[in-house]
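Student: I'd like to zoom in on one small part of this chain and then see how the rest fits around it. Could you walk me through it without too much jargon?

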Amino acid sequence: MRDCPETQRTSVPAGSLWGPVVGYSRAVRVGSLIHVAGTTAAAPGGGLAVHGGPYEQAVYVLQRIEDALHQLGAELGDVVRTRMYVTDIGQWESKSKPMLSWEIAK
């Protein structure tokens, strides 16, 4: 089954310190489907990669996802479902605004 082009697996490394240790990938493509792992605004070495508020963090996360999609031959416009988790429900609106301005919402 692994020799079929429809089941060929391609992955994009997570870019984190523990990714290689546990086999974590930013995104994986199998055939025509791409699955993107949970993505945060964490820097590769730990801590926050961007400073600012929830909006800036969400923009950074979408850029990381977009980069992974491009490496696998896709773009944000190909996304059919997203899910966002927030630790402070009062920040949902500022964190969702970047998604509305990107191709993902069109």
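Student: Which residues does Gly47 touch, not counting residues up to four places away in sequence?

Tutor: One thing before we start: this is a predicted model. Leaving out residues up to four places away in sequence, Gly47 touches Ala41 and Ala42. You'll find Gly47 in the loop that runs between β3 (33–36) and α2. Its relative accessible area is 53%, and the cut-off for exposed is over 50%, so Gly47 counts as exposed. Look back along the chain to Val36: Gly47 and Val36 are eleven residues apart in sequence, with 21 Å between their C-alpha atoms.

One of those two partners, Ala41, leads us inside. Ala41 belongs to the largest nonpolar core, a set of eight residues. The other members of that core are Val50, Tyr60, Val61, Ile65, Leu69, Ala74 and Leu76. Pick out Ala74 there: apart from residues up to four places away, Ala74 touches Ile34 and Leu69, and Leu69 is in the core with Ala74.

Now zoom out for the general layout. The chain has three helices and three strands, and reading from the N terminus they come in the order β-α-β-β-α-α. Of the 106 residues in the chain, 29% are buried. The C-alpha atoms fill a box of roughly 50 × 35 × 20 Å along the principal axes. If you take contacts between residues at least 6 apart in sequence, 41% of them join residues at least 24 apart.

Follow the chain on from the Gly47 loop and you reach α2, the loop's far end. Helix α2 (residues 54–71) has helix α3 (residues 92–101) for company: their axes come within 8 Å and cross at roughly 40°. That angle is neither under 35 degrees nor in the 65 to 115 range, so α2 and α3 are oblique to each other. The crossing of α2 past α3 is right-handed. On the α2 side the residues that meet α3 are Pro54, Tyr55, Gln57, Ala58, Val59 and Leu62. Facing them from α3 are Ser94, Lys95, Lys97, Pro98 and Met99. Sorted by type, the residues of this contact come to seven nonpolar, two polar and two charged.

Take one residue from each side. Tyr55 sits in helix α2, and at 37% relative accessibility Tyr55 is partly exposed. Setting aside neighbours within four places, Tyr55 is in contact with Ser94, Lys97 and Pro98. Tyr55 and Ser94 lie 39 residues apart in sequence, yet their C-alpha atoms are 5.3 Å apart.

From the other helix, take Lys95, which is part of α3. With a relative accessible area of 15%, below the 20% cut-off, Lys95 is buried, charged side chain or not. Ignoring residues up to four places away, Lys95 touches Pro54, Gln57 and Ala58, along with Met84 and Val86. As for Arg83, which is twelve residues from Lys95 along the chain, the C-alpha atoms of the two are separated by 12 Å.

For a last stop, go back towards the N terminus and find Tyr24, in the loop between α1 (19–22) and β2 (25–30). Tyr24 is partly exposed, at 24% relative accessible area. Beyond its neighbours within four places, Tyr24 is in contact with Ala14, Trp18, Gly19, Ala37 and Gly38. And Ala74, which we met in the core, is 50 residues from Tyr24 in sequence and 20 Å away, C-alpha to C-alpha.

Key. Residues are numbered from 1 along each chain as its sequence is written. This is a predicted model: local features need pLDDT of at least 70, side-chain atom pairs count only at pLDDT 80 or more; totals for chains, interfaces and linings use all residues. Side-chain values use heavy atoms; hydrogens and water are left out. Axes are lines fitted to C-alpha atoms, for helices over the stretch in contact, and angles run from 0 to 180 degrees between N-to-C directions. Helices (H or I, at least four residues) and strands (E, at least two) are DSSP runs, numbered from the N terminus. Angles under 35 degrees count as roughly parallel, over 145 as roughly antiparallel, 65 to 115 as roughly perpendicular and the rest as oblique. A crossing is left-handed if the near helix is turned anticlockwise from the far one by less than a right angle, and right-handed if clockwise. Contact means heavy atoms within 4.5 Å. A nonpolar core is a set of buried Ala, Val, Leu, Ile, Met, Phe, Trp, Tyr and Cys residues joined through side-chain atoms within 4.5 Å. Buried means under 20% relative accessible area, exposed over 50%, partly exposed in between (1.4 Å probe, protein chains only).
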